[in-house]
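I opened the notebook to look through one structure. My notes are below, in the order I took them.

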Amino acid sequence: MSTTTAGPDLVSPGGANLATSVFYFLLVPAAILFYAYWKISRKHLNELADKIPGPDGLPIIGLALEFIGSSSEIFKKVYARSFEFGSTVKFWVGPKLLIFLVDPRDVEIILSSHVHIDKASEYRFFKPWLGDGLLISTGQKWRAHRKLIAPTFHLNVLKSFIDLFNANSREVVQKLKKEAGKEFDCHDYMSEATVEILLETAMGVSKKTQDQSGYDYALAVMKMCDILHIRHTKIWLRPDIIFNFTKHATNQKGLINTIHSLTRKVIKKKRADFEKGIRGSTAEVPEDAKTQKYEKNVASKTVVEGLSYGQSVGLKDDLDVEDDVGEKKRMAFLDLLIEASQNGVVINDEEIKEQVDTIMFEGHDTTAAGSSFFLSMMGIHQEIQDRVIQEIDEIFGDSDRPATFADTLEMKYLERCLMETLRMYPPVPIIARQLKQDVKLASGDYTLPAGATIIIGTFKIHRDPNTYPNPDKFDPDNFLPERSANRHYYSFIPFSAGPRSCVGRKYAMLKLKILLSTILRNYRVQSDIQEKDFQLQADIILKRAEGFKIKLEPRKRELRA
Ligand code: HEM
């Protein structure tokens with residue numbers, strides 16, 4: 001069948017040629033104009049960048065080829081190259097300007113600021129998973145939600161989690177029984193335990209109400225981090241238009257589905273409890289994990305800031321506020337969010353989901369890595385482990401009683417070992433920010449241009465020989481008060497610092513002390529692998545590519561089941 005149309009013949013060969021010619025005629029000047037505009041708009045950025053030292057890259061792609069290879073190879077290569085320059089280094093990756101900072105004075109300028117709080121554009125890869133949760137949101141939304149969420153990690157709320165920390169730590173000890181005497185990867189156990197502890201404490205639901213295990217969730221998170229890391233390092237996978245056609249995009253969809261189905265279930269359960277008038281965690285605590293009868297009166301003004309809770313003495317953030325609301329009014333994370341959403345304006349249902357996803361991710365993978373590195377250190381440094389065990393035995397004697405808050409304050413040497421672990425193996429090895437304004441540095445005559453991505457190299461800062469003599473040696477005495485006293489506040493930042501510091505800093509420290517002391521009350525750790533043989537990789541979170549291989553040997557007494 002044919003159709004005829006009246007009017008001009010728009011598709012005649014002559015007309016098509018004319019249209020093509022006009023198109024090219026316009027395209028070339030448009031491209032030239034666009035390029036000229038682009039060059040002019042970047043003139044300021046380029047001029048300031050030219051003054052900052054850094055390796056020469058290839059034309060157009062810059063140093064993109066440095067990011068080829070496995071995660072651990074990339075980590076090794078980038079870390080080795082970081083020694084070629086001073087404390088401020090620029091790096092071009094395609095048209096993107098990255099500037100690495102490691103001088104604590106410069107780091108302070110960025111992290112203590114209430115202006116430079118925008119996350120780097122790379123964090124957008126988290127969006128399908130974490131939405132606009134606390135980790136990546138900015139501006140007014142971030143400010144309002146941070147104000148809402150930070151008090152839910154106040155020490156008074158955390159103290160109410162102690163029995164659940166104990167109960168879950170005891171379960172880990174039981175689960176680990178089957179690994180005794182064999183080499184195994186402790187990260188699997190630490191991951192599962194941290195997910196389950198988060199469910200029962202911050203989320204306030206019993207892990208038994210979940211038909212999907214914490215392990216499946218943790219595995220999905222780990223695989224998501226792999227995909228995000230691939231997108232960070234392989235620049236051709238950054239545009240969605242290319243990424244969406246790869247197998248990674250298909251895998252990502254499945255993983256996000258696994259992750260979100262857990263968070264949706266958690267919120268549904270909590271809402272149902274809320275409607276029945278139930279507040280607080282519904283997880284059951286076995287009688288022998290309850291601490292009430294052992295808890296000594298700890299002065300409410302006990303100093304619990306600074307190093308004991310993961311940041312340099314003298315630094316404060318919104319987690320260190322005085323108890324202005326009163327113990328009774330403070331609520332746990334999801335309780336408070338559900339209540340706030342009832343009143344309407346502060347947070348809506350979608351935003352609750354984003355925050356739950358964010359806390360579940362930030363709260364589990366980081367602490368799982370921290371505890372796995374700690375156990376690896378104990379296995380390698382036997383004489384240090386002896387001292388930790390001696391301290392724990394002095395606190396608990398032969399008793400199987402659960403650990404109280406007062407006990408955690410006495411775990412001084414364990415705490416120093418934990419700090420030293422977080423110094424040498426910070427679970428978040430870099431922090432990235434996007435600059436909206438120029439910033440003059442304190443360490444030298446450089447100005448960071450607006451538009452640059454700033455990378456704060458926590459891993460490198462923590463191994464600066466000027467701050468930590470013998471920085472590659474595991475030495476818990478680096479955290480003796482007299483040694484810490486003279487260090488720059490920003491030379492130890494495992495939890496970041498300033499207004500965007502880690503909201504779970506105190507939660508993590510308290511939980512880790514109870515979990516790790518419970519494990520060491522029951523097992524001695526051994527390791528056949530030395531630190532020099534670690535294959536470090538930084539897939540968002542720092543890990544050992546070969547797995548956290550350790551061996552456990554039951555100690556003299558067994559925990560009563
Ligand atoms: C050893 C354990 C942990 C370490 C080393 C750690 C480290 C960090 C770091 C370095 C940041 C800043 C990230 C950035 O700016 O890109 C951060 C942010 C954050 N962390 Fe943690 N974290 C840990 C545990 C936790 C826990 C247990 C929770 C929650 C229960 C948590 C929740 C968060 C949240 C919500 C943010 C975003 C805060 C904001 O931007 O306002 N973290 N964490």
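These entries cover the metal site, the core, some strand pairings and one helix.

**Entry: the model.** I am working with a predicted model.

**Entry: the iron.** I asked which protein atom is the donor to the iron atom of the ligand. I found SG of Cys502, at 2.3 Å, as the only protein donor. I then placed Cys502 in the chain: this residue sits in the loop between α19 (481-485) and α20 (505-522).

**Entry: the core.** I looked up the largest nonpolar core and counted 157 residues in it. Trp129, Phe153, Met203, Phe333 and Leu448 have the most contacts inside this core. Helix α14 (residues 349-380) gives the largest share, 13 residues. I followed Phe333 further, setting aside neighbours within four places in sequence. Its contacts include Phe153 and Met203, and also Gln355, Val356 and Ile359.

**Entry: strand β11.** I checked what pairs with β11 (residues 549-554). Strand β3 (residues 183-185) does, antiparallel, over 3 bridges. There, Asp185 has Lys549 as its bridge partner. Strand β8 (residues 523-526) also runs antiparallel to β11, joined by 4 bridges. On that side I noted Val525 opposite Leu552.

**Entry: helix α4.** Which residues of α4 (residues 104-111) are buried? I listed Pro104, Asp106, Val107, Ile110 and Leu111. Down the axis of α4 these buried residues fall within an arc of 155°, so they line one face of the helix. Asp103 caps the N-terminal end of α4. A side-chain oxygen of Asp103 lies 2.8 Å from the backbone nitrogen of Arg105.

Methods
Residues are numbered from 1 along each chain as its sequence is written. This is a predicted model: local features need pLDDT of at least 70, side-chain atom pairs count only at pLDDT 80 or more; totals for chains, interfaces and linings use all residues. Side-chain values use heavy atoms; hydrogens and water are left out. Donors are N, O and S atoms within 2.8 Å of the metal (3.2 Å for Na, K and Ca); water is not among the atoms, so sites may look incomplete. Helices (H or I, at least four residues) and strands (E, at least two) are DSSP runs, numbered from the N terminus. A nonpolar core is a set of buried Ala, Val, Leu, Ile, Met, Phe, Trp, Tyr and Cys residues joined through side-chain atoms within 4.5 Å. Buried means under 20% relative accessible area, exposed over 50%, partly exposed in between (1.4 Å probe, protein chains only). Contact means heavy atoms within 4.5 Å. Two strands pair if DSSP finds at least two bridges between them. The arc is that of the directions from the helix axis to the C-beta atoms. A polar contact is a pair of N or O atoms within 3.5 Å; within protein, one must be able to donate a hydrogen and the other to accept it, and residues adjacent in sequence count only if both atoms are side-chain atoms.
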